[in-house]
Structure formats: structure tokens, C-alpha cells
Amino acid sequence: MHRFTTPLLRVTPEPAERGLSLALEGELDLATTPILEQSIEAAERDDGPVVALDLTELSFVDASGLKAILNAHRRAIRRGGRGLALLNPSGDIRRLLSLTAIDLTIEVVAPKAPAPA
């Protein structure tokens, strides 16, 4: 019997200003990284450039997930784009991006703080 009956990562394409954004929900790790890679490849082939990954609902990312993100960013640049932007990462994921210096390579757009009342 399988331990998990559904994938731990859901990738949803969303229209963006200059291309396509992919919203990630769940966990991005060794087991689910192929889901992201296949989603990015399909989007690039069918819908045009992927310009952003919305990490609002992403709860975890490991080294294999970071590698997939970096590879997608490099492909976007080689195709003449500005690369990927990472939108709304959680505090833990922002810290990981900072510790690995990925935030120096890829644009990270933090969630906007609510306006004071």
C-alpha cells in the first residue's frame, strides 16, 4: 500500500504580465521536484516563458528543489528573458534563499506587509 495517495506538490499555471507564473502548493523535495520540472517544461513549450514562481503556498523546499529553480532561472535567461522571480516565499524559505545566496541571483518578492490601521 502506498504511503501517500496524492502528490505532495501541486503546480498551477497563472497568467502573468510578461508570461506565465506557476503557483506551487505543498512541498518541493527530491520526490516532487520532477513535478515542477515537468510543469515548467510543459509551460515553456505550450504557453511561453515562465517568469515567476508563486511560493505563497509552498511549505518546504530542499536542495533538489532549489536546483530545479536555479536551472529554470538559467534557462529563462538563456532564452533572452530576465529569469524567474520568486513570489511570496514564507519566512523559512526566504531564510533558506538568503543562506544559500540564491536571493542574490534570483529576484525574491516578499509578501507585502498589511497597511497599518
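## Strands, helices and salt bridges in a predicted chain

Ser21 is found in strand β2, where strands are DSSP runs of E with at least two residues and helices are runs of H or I with at least four residues, both numbered from the N terminus. The model is a predicted one, in which local features need pLDDT of at least 70 and side-chain atom pairs count only at pLDDT 80 or more, while totals for chains, interfaces and linings use all residues. Residues are numbered from 1 along each chain as its sequence is written, and side-chain values use heavy atoms, with hydrogens and water left out.

At 5% relative accessibility, Ser21 counts as buried; the term buried stands for under 20% relative accessible area, exposed for over 50%, and partly exposed for values in between, with a 1.4 Å probe and protein chains only. Leaving aside neighbours within four places in sequence, Ser21 is in contact with Thr12, Pro13, Glu14, Ala16, Ala52, Asp54 and Leu87, contact being defined by heavy atoms within 4.5 Å.

### Confidence

The pLDDT, which is the predictor's confidence in each residue on a scale from 0 to 100, averages 90 over the chain, and 89% of the residues score at least 70. Among the elements of the chain, the lowest mean pLDDT belongs to α1, at 93, and the highest to strand β4 (residues 85-87), at 97.

### The sheet and its helices

Five strands form an open sheet in the order β1-β2-β3-β4-β5, with mixed pairing; two strands are taken to pair if DSSP finds at least two bridges between them. Because β1 (9-15) and β5 (107-109) stand at the edges, each with a single partner strand, one side of each is left without a neighbour in the sheet. From one strand to the next, the twist averages 25°, given that axes are lines fitted to C-alpha atoms (for helices over the stretch in contact) and that angles run from 0 to 180 degrees between N-to-C directions.

Strands of a sheet pair through backbone hydrogen bonds, either parallel or antiparallel. In this model, β1 and β2 run antiparallel and are joined by seven bridges, with Leu24 in β2 as the bridge partner of Val11, and a hairpin of four residues connects β1 to β2. The pairing of β2 with strand β3 (residues 50-61) is parallel and extends over eight bridges, and here Val61 in β3 is the bridge partner of Leu28. Helix α1 packs on the sheet, where α1 touches β1, β2 and β3, and the direction of α1 makes about 170° with that of β2. Helix α2 (residues 63-78) lies across β2, β3 and β4 and runs at about 175° to β3.

### The loop before α1

Thr32 has its place in the loop between β2 (20-28) and α1 (33-46), and Thr32 is buried, with a relative accessible area of 4%. The side chain of Thr32 reaches the backbone oxygen of Glu27 at 2.7 Å. When residues up to four places away in sequence are not counted, Thr32 touches Leu8, Leu9 and Glu27.

### Salt bridges

A salt bridge is here a side-chain nitrogen of Lys or Arg within 4 Å of a carboxyl oxygen of Asp or Glu, and by this rule the count comes to five salt bridges. The table gives three of them.

| Pair | N to O distance |
|---|---|
| Glu44 and Arg75 | 3.4 Å |
| Glu44 and Arg79 | 3.1 Å |
| Arg82 and Glu107 | 3.8 Å |

Since Arg82 lies in the loop between α2 and β4 and Glu107 in strand β5, the pair ties together parts that are 25 residues apart in sequence. Arg82 is exposed, at 59% relative accessibility, whereas Glu107 is partly exposed, with a relative accessible area of 43%. Salt bridges that share partners join Glu44, Arg75 and Arg79 into one network. Within this network, Glu44 is buried, with a relative accessible area of 15%, Arg75 is partly exposed at 22%, and Arg79 is exposed at 57%. The pair of Glu44 and Arg79 links distant parts of the chain, with Glu44 in helix α1 and Arg79 in the loop between α2 and β4, 35 residues apart.

Terms used. A polar contact is a pair of N or O atoms within 3.5 Å; within protein, one must be able to donate a hydrogen and the other to accept it, and residues adjacent in sequence count only if both atoms are side-chain atoms.
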